[in-house]
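Reader: I would like a close look at one part of this model, the main sheet and what packs around it. Please go through it in order and then say what lies further out.

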Amino acid sequence: MTLATKAARGAGAPPGQAADFGRAAVQYLMERKPESALIAALEALPAGPITAVPVALARRVEDPDMGVALSDPLGLLLSYVAAHPLLEGHKGDDGAVTVDLRTEPKTVRPVARVEVSQGLVDHLQSLAAKTFVPESAASRAAGAGSGLSDND
Amino acid sequence: MKDFAAPPQVDLRPPSDVMRLQRMGSMFPTRLSFLRTLMRRLAAEKVVVERTAWEMCENGFGHGVYSLSLGGHVYSLVAVSTDLPADQRTDRVIAEAWDSAYVLYDGVPDAAEIARICATAPKQEAARFTERDLILSRANKSVRLFNHVVAALRRGRAPDTDLIRAVGYLMRTTAVYGNGKFGIADRALIDTRPGLEGPFAAEMLTVWLIRHFTHDLVEHVGQGRLAPDVKRHLGIGNSTGLGMAPFLVTHPVLLNNWMLARETAIARVRAIPELSATEQARLEVLTSRAAVHLAQWQVPDATHQPRIAQLSRDWARVSAAFDFSGTQPLDSVMQAVARENFDVQELTAAMILEPFGALVDGLTDCMGDPFGPFCAPLCDVDALRAEIEAHFAWALAPDYEAPDDSGQFWYVSEAKQEPRLGLRYAEEGAHLESPLDIGRRVKALWQGLHGVTGRVSDFAAAHPDHALAISRVEMAARYPYGEIRDNLIATSCLPIDMLRCKLSFFGASKFDPKSDRWTRITLCQGAPLADELEGDADDWWLPVFDA
């Protein structure tokens, strides 16, 4: 699960849409596009591309003959398409994105390193932190790991 | 291009049988396990492990570097050994210091890189790493055994064999991080490299090299040499808690591919019409070895040790009736044990694969997930409803309003950002629940579809909270073994069953549960040593210690 996925959850996205956003965000940053679109998308929740794009792509997949171009005001749609194994997309001169179905799945290959501003990291982490549960006496007693002394 | 006919196979055991937690919690390692696959690859390439640096004080603190070439790439383990005060030693993920820390490095590190790793690896999650760092790990000593072996070696004596057999490792890892954690390399950067294509291959390579280091370390501090059979029995322990459990839920394609490969292997060997005398004899040897392994598998847990003892008794009884002659003998054996408990069934299923590497090892190529989930969409809600009723009857049965069927919730802790399992009606935090409640979500989707018609996308647009459930239902037809078919938020859900399933795929043995949510295991026990790769590097299923 990417930090972007956790951030989307923290910003109120349902889990399926958060996972889609997480994958798209990786593609988006690999293409070195402006970080502002990611922040804007998170701030738009519960509306905006994080909930709208998956529906638009689902409609496209349901109807292969649809062939319509989709608007992409924040520039995220192509990243969603890039992260989807069965879709290909290209942007027209008018800015609209045409999405086509592939006959075979594609593999998504990352680049080695992506420069991300500390501001974006901090913002995503602050949103992700909204999904974390603070410890309590009860949770410590029934936590994940061993007792404090587990030497053998 | 030639068409290759798939080998004959009987019907696969259905997901409705296989994907149940209690059976998954009874799994044993097989020859398809990731560590076995890696070891075969290391042997096939006649890999040579070279210790390129050893800067250790006489008490064993400092660093060492080991390098090897695999698939045309060089990898190095940088091992950092630290003088850890006893009161800081804990296996819990909240630990901040360890006896040793490791990086699997891409290439041969120069002095600057070694210095960087020596400074950062001991800090683990508190540090940041580079794309040349492929795996990050840490390990604590089994203090009792480590000190005993050192003392024995210094006296010029062999260590106590009962203690070797009882503990089985000098150190145990408490985390083995890969795939981009804390800045290390993303898995996709290395997963097409020959030798590292398999799931967790880099992690398994790291663990095997760590085991090698622990042997060198104890011999260094003890100023003596251990016998090869002793070293072979000293694997690497591991403490695994809840952190690993959600993976099986969040990676349904991988889980499907692992299970499907294993079930296909079982189906293939069951279809073998008759066995040669050699194959029959081999199975007899393995049957006996399993009995000895079970006898040597001793754990302190008051619940688990009786279970092992029962399995030992059951194995003696059922294996006495094994008949590997006749027609489709392995199918007959599996049908005979179908009346037994899951421990017996899964032990048998693992054993019958062993002699047939030529028939089943190729299936390991299918255990990865190069594409991520993709499947034909369900265009209308009638189809969606039908898929739920076909594949998710297990999800529709529970009453998720009832306390027992909803008594637990998965969440991520603020303290360490690690998975936890809480008691819904006794702890705070359920409103931040992690979406691992697949069964409940699918039932909610099914209930939400009542009286609805039209396109799935329209329904999803109107009901965005159902998107995850819709995706899981759509995946079910293509990935039939991708879903744990149990209620993961029920009071009765035992995370230990999820851990054992995944760990068995790693190749772990000697499961030693400490509670229903964490366990010790041993990896690489019985595995070839670094200087044994040219021999038979693949005959170490359920190892025994004969000394």
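Author: What follows starts with the sheet in chain B, moves to the core and the helices, and ends with chain A and the smaller sheet. The model is a predicted one.

The sheet is open and has nine strands, in the order S1-S2-S3-S4-S5-S6-S7-S11-S10 of chain B, and its pairing is mixed. Its edge strands are S1 (50-56) and S10 (509-513) of chain B, each of which pairs on one side only. On average, neighbouring strands in this sheet are turned by 25 degrees against each other, ignoring direction.

Begin at the S1 edge. S1(B) and strand S2 (residues 62-70) of chain B run antiparallel and are joined by six bridges. Glu55(B) has His63(B) in S2(B) as its bridge partner. The two strands, S1(B) and S2(B), form a hairpin with five residues between them, and in the turn Gly60(B) has a positive phi of about 85 degrees. Ahead of this hairpin, the loop between helix H3 (34-44) and S1 of chain B holds Lys46(B). Lys46(B) is not a glycine, yet its phi is positive, near 50 degrees. Most residues other than glycine have a negative phi, and most peptide bonds are trans.

Further along the sheet, strand S3 (residues 73-81) and strand S4 (residues 100-106) of chain B are also antiparallel, with seven bridges joining them. In this pair Val80(B) stands opposite Ala101(B) of S4(B). Helix H21 (residues 495-506) of chain B packs on the sheet, where it touches strand S7 (235-240), S10 and strand S11 (519-523) of chain B. The direction of H21(B) makes about 5 degrees with that of S11(B).

Next comes the nonpolar core. In soluble globular proteins, nonpolar side chains tend to be buried together. Here the largest nonpolar core has 149 residues, and the members that touch the most others are Leu205(B), Trp208(B) and Met259(B). The greatest contribution to this core is made by helix H7 (residues 201-222) of chain B, with 12 residues. Setting aside residues up to four places away in sequence, Leu205(B) touches Leu38(B), Leu42(B), Leu68(B), Leu70(B), Tyr75(B), Leu104(B) and Leu196(B). Apart from this core lies another one, of 31 residues, which includes Ala13(A), Ala25(A), Val61(A) and Val97(A).

After H7 the chain enters a loop that leads to helix H8 (228-233) of chain B, and Gln223(B) is found in that loop. Gln223(B) has a positive phi of about 55 degrees although it is not a glycine. With a relative accessible area of 59%, Gln223(B) counts as exposed, because the cut-off for that word is over 50%.

Arg472(B) gives the opposite case. This arginine is found in helix H20 (residues 467-476) of chain B. Its relative accessible area is 6%, so Arg472(B) is buried, the limit being under 20%. Leaving out neighbours within four places in sequence, the contacts of Arg472(B) are Val249(B), Pro252(B), Phe392(B), Ile438(B), Gly482(B) and Glu483(B).

H20(B) also packs against helix H16 (residues 381-391) of chain B, at an angle of about 70 degrees and with the axes 9 Å apart. The angle lies within 65 to 115 degrees, which means that H16(B) is roughly perpendicular to H20(B). The crossing of H16(B) past H20(B) is left-handed. From H16(B), the contact uses Leu384(B), Glu387(B), Ile388(B) and His391(B), while H20(B) supplies Ile470(B), Val473(B) and Ala476(B).

Now to chain A. Helix H1 (residues 3-10) of chain A has Ala4(A), Thr5(A), Ala7(A), Ala8(A) and Gly10(A) as its buried residues. Among the elements covering them are helix H2 (15-30), helix H3 (36-44) and helix H6 (118-128) of chain A. Just after H1(A), Gly12(A) has a positive phi of about 110 degrees. Leu45(A) and Pro46(A) are joined by a cis peptide bond, with omega about 10 degrees. Pro46(A) lies in the loop between H3 and helix H4 (49-62) of chain A.

Last is the smaller sheet. Three strands form an open sheet with mixed pairing, in the order S4(A)-S8(B)-S9(B). Strand S4 (132-133) of chain A and strand S9 (419-423) of chain B are at its edges and have a single partner strand each, so one side of each is left without a neighbour in the sheet. Strand S8 (residues 408-413) of chain B pairs with S9(B) in the antiparallel sense, over five bridges. Within that pair, Trp410(B) stands opposite Leu421(B) of S9(B).

Methods
Residues numbered from 1 in each chain as written. Chains lettered and ligands numbered in written order. Predicted model: local features only at pLDDT ≥ 70, side-chain atom pairs only at ≥ 80, totals over all residues. Heavy atoms only, no water. Core = buried A, V, L, I, M, F, W, Y, C linked by side-chain atoms within 4.5 Å. Buried < 20%, exposed > 50% of the residue type's maximum accessible area, 1.4 Å probe, protein only. Helix = DSSP H or I, 4+ residues; strand = E, 2+ residues; numbered from the N terminus. Contact = heavy atoms within 4.5 Å. Pairing = 2+ DSSP bridges. Axes fitted to C-alpha atoms, helices over the stretch in contact; angles between N-to-C directions. Parallel < 35°, antiparallel > 145°, perpendicular 65-115°, else oblique. Left-handed = near helix turned anticlockwise from the far one by under 90°.
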